[in-house]
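Reader: I'm new to reading models like this one. Could you walk me through a few features, starting with pockets?

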Amino acid sequence: NADTLCKGQTVKLFASGADRFQWSPAATLNNANIALPIGSPDTTTTYRVIGTDNRGCFKDTGSVPVKVYPVPTVNAGTDKTINVGQTLDLVPVISPDVTEVIWSPTGSVFRNNYPAISIKPNQNTEYTVEVKNKGGCLAKDIVTVFVLCDGANVFIPNTFSPNGDGANDIFYPRGNGLLKIKSLRLFNRWGEMIFEKSSFNANDPAFGWDGTYKGVKLGADVFVYMIDIICDNYSILTYKGNVALIR
């Protein structure tokens, strides 16, 4: 029967009904004079076999086509580094014969745009892209995306004005790719803690400081803050600095 294989693979040929066999072309066979040779063709080839009896009185001819598909190629690109909360497109370079592209893992994929994917990973991730062609031949490549959480993820204001005008009335940390604010503490110039809040969502003014202490509005001054932030990739950022209260 006809057969198909990918370049670099081998095929086991079969003939019967004779005493002696002569296969051609012989260059890609391990033995051209046996009934069951192994072929390793680089291109599509039709093998021909002539079978004879021991006395050489009779002969018969058979043939079998073997279609050889090339191995596809894929390049996933160089490793990437992004900040947690950001998105990234992974665009592979593939050979024209590719008919199927499969990416893994898929947990952080939010859009497919064949052959590319758009991802939003929370942690360092190794992505594998596997491609197939019409012959079912496979190739794959790997790209690693390193996910950082640093100062680019966080914004902490250095001033706020709790005057009730609806603009910058509350002091609170904000940013992208932030899982939780582990703790937020503020101190006056004498080291007395005047505000503390733990385990709350970033970007939520409901958990911030409104400029009061024990229900009393504080006057304009500079206060020290200490903030521990848990990023989406579970790394922890610690910040210490000053914020000016303006009345």
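**Pockets, strands and a salt bridge**

Author: Sure, the largest pocket has a volume of about 320 Å³. This is a predicted model, where local features need pLDDT of at least 70, side-chain atom pairs count only at pLDDT 80 or more, and totals for chains, interfaces and linings use all residues. Residues are numbered from 1 along each chain as its sequence is written, and side-chain values use heavy atoms, with hydrogens and water left out.

Reader: Which residues lie nearest the centre of the largest pocket?

Author: Rolling a probe the size of a water molecule over the atoms shows where empty space is left. A pocket is an open set of points on a 1 Å grid over the protein atoms alone where a 1.4 Å probe fits, with protein on both sides within 12 Å along at least five of seven lines; lining residues have an atom within 4 Å of a point. The volume is the space filled by probe spheres set on the points. Here 20 residues line the largest pocket, with Phe14, Ala15, Trp23, Val49 and Gly62 nearest its centre. By class, the lining has 10 nonpolar, 7 polar and 3 charged residues. Strand E6 (59–69) is among the strands that supply at least two lining residues, and the largest share, 5 residues, comes from E6.

Reader: In what order do the 4 strands of the open sheet come?

Author: Strands of a sheet pair through backbone hydrogen bonds, either parallel or antiparallel. Strands are DSSP runs of at least two residues, numbered from the N terminus, and two of them pair if DSSP finds at least two bridges between them. The order here is E1-E6-E5-E3, with mixed pairing. E1 (3–6) and E3 are the edge strands, each pairing on one side only. E5 and E6 pair in the antiparallel sense over 8 bridges, and Ile50 stands opposite Thr61 in E6.

Reader: How many residues lie between E14 and E15 in their hairpin?

Author: There are 4, and Gly136 in the turn has a positive phi of about 75 degrees. E14 and E15 (residues 138–148) run antiparallel, joined by 8 bridges.

Reader: Which residue forms a salt bridge with Asp221?

Author: Side chains of opposite charge can pair when their charged atoms come close. The rule asks for a side-chain nitrogen of Lys or Arg within 4 Å of a carboxyl oxygen of Asp or Glu. The count comes to 1 salt bridge: Asp221 with Arg189, their closest N and O atoms being 2.4 Å apart. Asp221 lies in strand E23 and Arg189 in the loop between E19 and E20, so the pair ties together parts that are 32 residues apart in sequence.

Key. Nonpolar A, V, L, I, M, F, W, Y, C, P; charged D, E, K, R; others polar.
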